[in-house]
Amino acid sequence: MFDNLMSQMQEQANEIKKKLDNTTVEAEAEGGLVKVTATGNKKILSIEINPDILEDKEAVEDLVIVAINKALEKADEIASKETGDLAQGMFPGLGNLFG
């Protein structure tokens, strides 16, 4: 019984990983001057920088950091929801304990 439960949990964890790999989030800084796209598993897919700010190296660096952090926060939110849904499915009697 315990082996079956562990096998189910591993299978569902793999499904969540695949789902997060195929989920993208986008975030921007300073009204879209820098845009970042990442997967739900926190892999950065792209960074777009508006050419109007390229002459200010320090501003570009700061805005890239802000946009990346926002994208990673969104990825965390999606991952938390997915793992919370998994826990709810595995242990439905525990109410809102997992999300």
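Accessible areas here come from the Shrake-Rupley method with a 1.4 Å probe. The model in these exercises is predicted.

**Exercise 1. The whole chain**

Task: Find how much area the chain exposes and which elements it contains.

Solution.
- Step 1. Start with the surface. The chain exposes about 6,900 Å². Carbon and sulfur atoms supply 53% of that area.
- Step 2. Turn to the interior. Of the 99 residues, 25% are buried.
- Step 3. List the elements. There are two helices and three strands. From the N terminus on, their order is α-β-β-β-α.
- Step 4. Look at the contacts. Take those between residues at least 6 apart in sequence. Of these, 45% join residues at least 24 apart.

**Exercise 2. Pairing the strands**

Task: Work out how strands β1, β2 and β3 pair.

Solution.
- Step 1. Take β1 (residues 24-29) and β2 (residues 34-39). They run antiparallel, joined by six bridges. T24 has T39 in β2 as its bridge partner.
- Step 2. Inspect the turn. The β1 and β2 hairpin has four residues between its strands. E30 in this turn has a positive phi of about 50 degrees.
- Step 3. Go on to β3 (residues 44-49). β2 and β3 are also antiparallel, over five bridges. T37 stands opposite S46 in β3.
- Step 4. Inspect the second hairpin. Four residues lie between β2 and β3, and K42 takes a positive phi near 70 degrees.

**Exercise 3. Faces and cover**

Task: Sort the residues of β1 by face, then decide whether T39 is buried or exposed.

Solution.
- Step 1. Recall the rule. Side chains in a regular strand alternate between the two faces of the sheet.
- Step 2. Apply it to β1. V25, A27 and A29 make up the covered face. T24, E26 and E28 make up the uncovered one.
- Step 3. Move to T39 in strand β2. The cut-off for buried is under 20% relative accessible area. T39 has 5% relative accessibility, so T39 counts as buried.
- Step 4. See what T39 touches beyond four places in sequence. Its contacts include L20, D21, L45 and A75.
- Step 5. Compare I49 in β3. I49 is partly exposed, at 32%. I49 joins I44, I47 and L54 in a nonpolar surface patch, with about 300 Å² of accessible area together.

**Exercise 4. Salt bridges**

Task: Count the salt bridges and say what three of them link.

Solution.
- Step 1. Fix the cut-off. A side-chain nitrogen of Lys or Arg must lie within 4 Å of a carboxyl oxygen of Asp or Glu. The count is four.
- Step 2. Take K19 and E82. Their closest N and O atoms are 3.2 Å apart. K19 is in helix α1 and E82 in helix α2, so the pair ties together parts 63 residues apart in sequence. K19 is partly exposed at 44%, whereas E82 is buried at 14%.
- Step 3. Take K42 and D76. Their N to O distance is 2.7 Å. This pair joins the loop between β2 and β3 to helix α2, across 34 residues. K42 is partly exposed at 43%, and D76 is partly exposed at 35%.
- Step 4. Take K57 and E61. Their closest N and O atoms are 2.4 Å apart. The two are four residues apart in helix α2, so about one helical turn separates them. K57 is exposed at 58%, while E61 is partly exposed at 38%.

Key. Residues numbered from 1 in each chain as written. Predicted model: local features only at pLDDT ≥ 70, side-chain atom pairs only at ≥ 80, totals over all residues. Heavy atoms only, no water. Patch = residues over 30% accessible without salt bridge, like charges linked within 9 Å, V, L, I, M, F, W, Y side chains within 5 Å. Buried < 20%, exposed > 50% of the residue type's maximum accessible area, 1.4 Å probe, protein only. Pairing = 2+ DSSP bridges. Contact = heavy atoms within 4.5 Å.
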